[in-house]
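Please open the model in your viewer and keep the sequence panel beside it, since each stop on this tour begins with something to select.

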Amino acid sequence: TRVIELHGSIWSIKCTNAECKSVPFENTDVPLENIPLKCEVCGAYLRPDVVFFEEMLDPEVVGAADSRTKKTDLFLLIGTSGIVYPAAGFAHIAKVFGAYMIELNTERTPLSTLCDRTVIGPAGENLPQILEELKE
């Protein structure tokens, strides 16, 4: 199953010119060789293809996430504050549609009460253990 990147991908680069016909492309160079990056099509600056504060999420991506959430039997909440919507709303949808919910976080969140299990601590340490348990 493909991951739905609700807020985009830091590895995808797009043109800042909304009129430009260029297509976002992947760039995993760390560090970037030339900063700032410029579009080869129109010359405008390039940026990560992610949603910044005050920008709108792609309605198609939100719709895909909503659809998949309604069909899932396991919903993991990992490292979230649980207060930024619409992303936090998917936990409520998952619960209504009967998903088993596990939260991994460094502290409890407003979504903790929805979860069947909450594990407090670093996700990097706890996630491998949870995934092993789920395999069994």
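## Starting in the sheet

Select Gly 8 first, and look across to Val 50 in E3, the residue that stands opposite Gly 8. Bear in mind throughout that this is a predicted model. Now extend the selection to the whole of strand E1, residues 8-15, which runs antiparallel to E3 and is joined to E3 by five bridges. Adding strand E2 completes an open sheet of three strands, in the order E2-E1-E3 and with antiparallel pairing. The edges of this sheet are E2 (25-26) and E3, each of which pairs on one side only.

## Along strand E3

Next, select Arg 47, which is found in strand E3, residues 46-50. Is Arg 47 buried or exposed? With a relative accessible area of 16%, Arg 47 counts as buried, because that value is under the 20% cut-off. Show the side chains of Arg 47 and Glu 55, and you will find a polar contact of 2.8 Å that joins them. If you then display the surroundings of Arg 47, leaving aside its neighbours within four places in sequence, the residues in contact with Arg 47 are Ser 12, Ile 13, Lys 14, Thr 16, Phe 52 and Glu 55.

## The loop after E3

Move on to Glu 54, which is found in the loop between E3 and H1. Glu 54 is exposed, because its relative accessible area of 82% is over the 50% cut-off. The backbone here also deserves a look, as phi of Glu 54 is near 75°, a positive value in a residue other than glycine. From the C-alpha of Glu 54, draw a distance to the C-alpha of Pro 86: the two residues are 32 apart in sequence and 13 Å apart in space.

## Two cis peptide bonds

Staying with Pro 86, whose place is in the loop between E4 and H2, select Tyr 85 as well, and check the peptide bond that joins Tyr 85 and Pro 86, which is cis with omega about 15°. Then go to Pro 31, which lies in the loop between E2 and E3. A cis peptide bond joins Val 30 and Pro 31 too, and there omega is about -5°.

## Helix H2 and what it packs against

Select H2 and colour its buried residues, which include Gly 89, Phe 90, Ala 91 and Ala 94. What do the buried residues of H2 pack against? Their partners are H1, E4 and strand E5 (100-105), so it helps to show these three elements together with H2, given that contact means heavy atoms within 4.5 Å. Beyond the helix, pause at Gly 98, which follows H2 and has a positive phi, near 85°.

## The largest pocket

For the last stop, turn on the surface and find the largest pocket, which holds about 770 Å³ of space. Its lining is made up of 24 residues, and the closest to the centre are Ile 4, Thr 69, Phe 75, Leu 76 and Phe 90. Helix H1 (59-71), strand E4 (74-78) and helix H2 (89-96) are the elements that give two or more residues to this lining. Which element gives the most to the lining? That element is E4, with five residues. Colouring the lining by residue type should show 15 nonpolar residues, six polar and three charged.

Methods:
Residues are numbered from 1 along each chain as its sequence is written. This is a predicted model: local features need pLDDT of at least 70, side-chain atom pairs count only at pLDDT 80 or more; totals for chains, interfaces and linings use all residues. Side-chain values use heavy atoms; hydrogens and water are left out. On a 1 Å grid over the protein atoms alone, a cavity is a set of points where a 1.4 Å probe fits but cannot get out, and a pocket is an open set with protein on both sides within 12 Å along at least five of seven lines; lining residues have an atom within 4 Å of a point. Grid points are joined across faces, edges and corners, and a volume is the space filled by probe spheres set on the points. Helices (H or I, at least four residues) and strands (E, at least two) are DSSP runs, numbered from the N terminus. Ala, Val, Leu, Ile, Met, Phe, Trp, Tyr, Cys and Pro count as nonpolar, Asp, Glu, Lys and Arg as charged, and the others, Gly among them, as polar. Buried means under 20% relative accessible area, exposed over 50%, partly exposed in between (1.4 Å probe, protein chains only). A polar contact is a pair of N or O atoms within 3.5 Å; within protein, one must be able to donate a hydrogen and the other to accept it, and residues adjacent in sequence count only if both atoms are side-chain atoms. Two strands pair if DSSP finds at least two bridges between them.
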